[in-house]
Amino acid sequence: VRRVRRVAARLGHTKRYWLLPALLVLGLCAVLYLIAAGSGDEAFQYVLY
Amino acid sequence: VPSLPARAAAVAASVLVAALAVEVGLRALGSRLAIYDVEMWKYARDLKRLSANPRLRHVHRPERRARLMGVEVAINARGLRDHDYPYAKPPGTYRVIALGDSITFGWGVPFEETYPKRLERLLNERLAARGRRYEVLNAGVGNWNTVQEVEWLRSEGLRYQPDLVLLGYFLNDAEPIVAPALDPASPVYRSHLAVFLWTSWSKLRLLVDDTGHYRAYYRDLYAGEGWDACRRAFADLARLAAEHRFATLAVLFPDLHDVGEERYPFRDIHARVVAVAHRHGIRTLDLLPTYASRPSRALVVARDDAHPNGHAHGLAAEAIYGWLAAHELGEGSAAPAAAAGEGSAAPAVAGERS
């Protein structure tokens, strides 16, 4: 139990390294999705053949 | 505090895991999320290929299937989103070919709800007494313009021996044929996440730069080389019609962002297209009055996708059927000047060269 607590505490102290970047990536994708969905289809000229 | 390499490794692993999660999520939920740009990319990747004919640029891959915008799409053996039809027209058959782009193709619309198939049913149900069978072939391919559509008719479509050719026209049919902005050979092309980020980035740039607004974009097309080529394609279509004795009808689909008849921002462009068509003896049917009294949201595939939905396709089919029934299936004498009143509000446009 002590060992689990120690690992949990360590993870808690270092979450800015292992959690924050992932949340930033997910947040960026979510924002892009909302912008893309709300902006109409102005990007149509970027044809993918 | 962890060491610098450990921190860097943790950050890199975190970003990688998140990116993988988004990639997996886009693949698993792609059809449900129906992100317009990603779905269009899937269409290009799965159902299109480059053509050996540079005037066509791209064609459908024969006998391929995909689920796009939540709709099943199947391409037949000859590259059409349709049943297989023999080139030789069966006796007693009146054959219509519907040329067009993603609108005619039926982007986001189930096959049987597309306007060519609805028109086929209407003709067979309501004109059964004439003792003919009617076939309406859907020759729409996404991202084609008028030049490509007429080139397909010349190089392939004439083999089907059409009696009537419908030219589905939309504002962006005056686009020039351009190279794909994202190279299909690039590894980026295989990743849903990469395409999503790339198209989102492109869209953000367009939002910041006002020239990316669709109104300015459409308007600029009619001052460029694409419009010159488009006008020549109308002339080519008229020449093919005279040589091969089929009737023609250009059907103008309005931009559905704002179809209020008084507010519609592209009336002058419709008039220019109609003027060019009439100059070549191609009659026109403008669908703006058909859609004008209806709210845009009732007519489009999705909030971020202004392609006509199944309801709008149904209205188009009824309007085209009504026009054909009133004009002897387009077989009556071509009267360009008289055609201006046929729902097209098309005064002669000064200075529109043919």
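Glu63(B) is exposed in this predicted model, because its relative accessible area of 59% lies over the 50% cut-off. The residue is placed in the loop between S2 and strand S3 (65-68) of chain B. Its phi is near 50 degrees, a positive value in a residue other than glycine. A positive phi also occurs at Arg57(B), where the angle is near 65 degrees. Most residues other than glycine have a negative phi. Arg57(B) belongs to the loop between strand S1 (48-50) and strand S2 (58-60) of chain B. With a relative accessible area of 22%, Arg57(B) is partly exposed, since this value falls between the limits of 20% and 50%.

Chain B as a whole contains 12 helices and 11 strands. It has 354 residues, of which 55% count as buried. Among its contacts between residues at least 6 apart in sequence, 74% join residues at least 24 apart. Sequence separation can also be set beside distance in space for a single pair of residues. Gly131(B) and Arg205(B) are 74 residues apart along the chain, and their C-alpha atoms are separated by 57 Å. Gly131(B) lies in the loop between helix H4 (115-126) and strand S6 (133-140) of chain B. A relative accessible area of 63% makes Gly131(B) exposed.

Three helix pairs in chain B were examined. In one of them, H4(B) packs against helix H11 (residues 310-326) of chain B, with an angle of about 45 degrees and 8 Å between the axes. The two helices are therefore oblique to each other, and H4(B) passes H11(B) in a right-handed crossing. On the side of H4(B), the contact involves Tyr115(B), Arg118(B), Leu119(B), Leu122(B), Leu123(B) and Arg126(B). The residues of H11(B) that they meet include His313(B), Ala317(B), Ile320(B), Tyr321(B) and Leu324(B). Within this contact, the charged end of Arg126(B) sits over the ring of Tyr321(B), at 5.1 Å from its centre. Arg45(B) is placed over the face of Trp41(B) in a comparable manner, 4.6 Å from the ring centre.

H5(B) packs against helix H8 (residues 225-244) of chain B at an angle of about 25 degrees, and the axes are 8 Å apart. This angle makes H5(B) roughly parallel to H8(B). Their crossing is left-handed. The residues contributed by H5(B) are Thr146(B), Val147(B), Val150(B), Leu153(B) and Arg154(B). Those met in H8(B) include Ala229(B), Cys230(B), Ala233(B), Phe234(B) and Leu237(B).

H8(B) also packs with helix H9 (residues 267-279) of chain B, where the axes come within 9 Å and cross at roughly 35 degrees. The crossing of H8(B) and H9(B) is right-handed. Trp227(B), Arg231(B) and Phe234(B) of H8(B) make the contact with Arg272(B), Val273(B), Val276(B) and Ala277(B) of H9(B). Phe234(B) thus appears in the contact with H5(B) and in the contact with H9(B).

Over all chains, the structure holds 13 aromatic pairs. One of them is formed by Tyr87(B) and Tyr160(B), whose ring centres are 4.9 Å apart. The planes of these rings stand at 65 degrees, so the pair is edge-to-face, the limit for this class being over 60 degrees. The pair links distant parts of the chain, as its members are 73 residues apart. Tyr87(B) is in the loop between strand S4 (71-74) and strand S5 (93-100) of chain B, whereas Tyr160(B) is in the loop between helix H5 (146-155) and strand S7 (164-169). Tyr87(B) is partly exposed, with a relative accessible area of 22%, while Tyr160(B), at 1%, counts as buried.

A further aromatic pair consists of Tyr217(B) and Tyr218(B). Their centres are 6.1 Å apart, and the angle of 50 degrees between the planes goes with a tilted arrangement. Both Tyr217(B) and Tyr218(B) are buried. These residues also belong to a cluster linked by ring pairs, together with Phe170(B), Tyr264(B) and Phe266(B).

Note on methods: Residues numbered from 1 in each chain as written. Chains lettered and ligands numbered in written order. Predicted model: local features only at pLDDT ≥ 70, side-chain atom pairs only at ≥ 80, totals over all residues. Heavy atoms only, no water. Phe/Tyr/Trp six-rings, centres within 6.5 Å; stacked < 30°, edge-to-face > 60°. Helix = DSSP H or I, 4+ residues; strand = E, 2+ residues; numbered from the N terminus. Buried < 20%, exposed > 50% of the residue type's maximum accessible area, 1.4 Å probe, protein only. Lys NZ or Arg CZ within 6 Å of the ring centre and 35° of its normal. Axes fitted to C-alpha atoms, helices over the stretch in contact; angles between N-to-C directions. Parallel < 35°, antiparallel > 145°, perpendicular 65-115°, else oblique. Left-handed = near helix turned anticlockwise from the far one by under 90°. Contact = heavy atoms within 4.5 Å.
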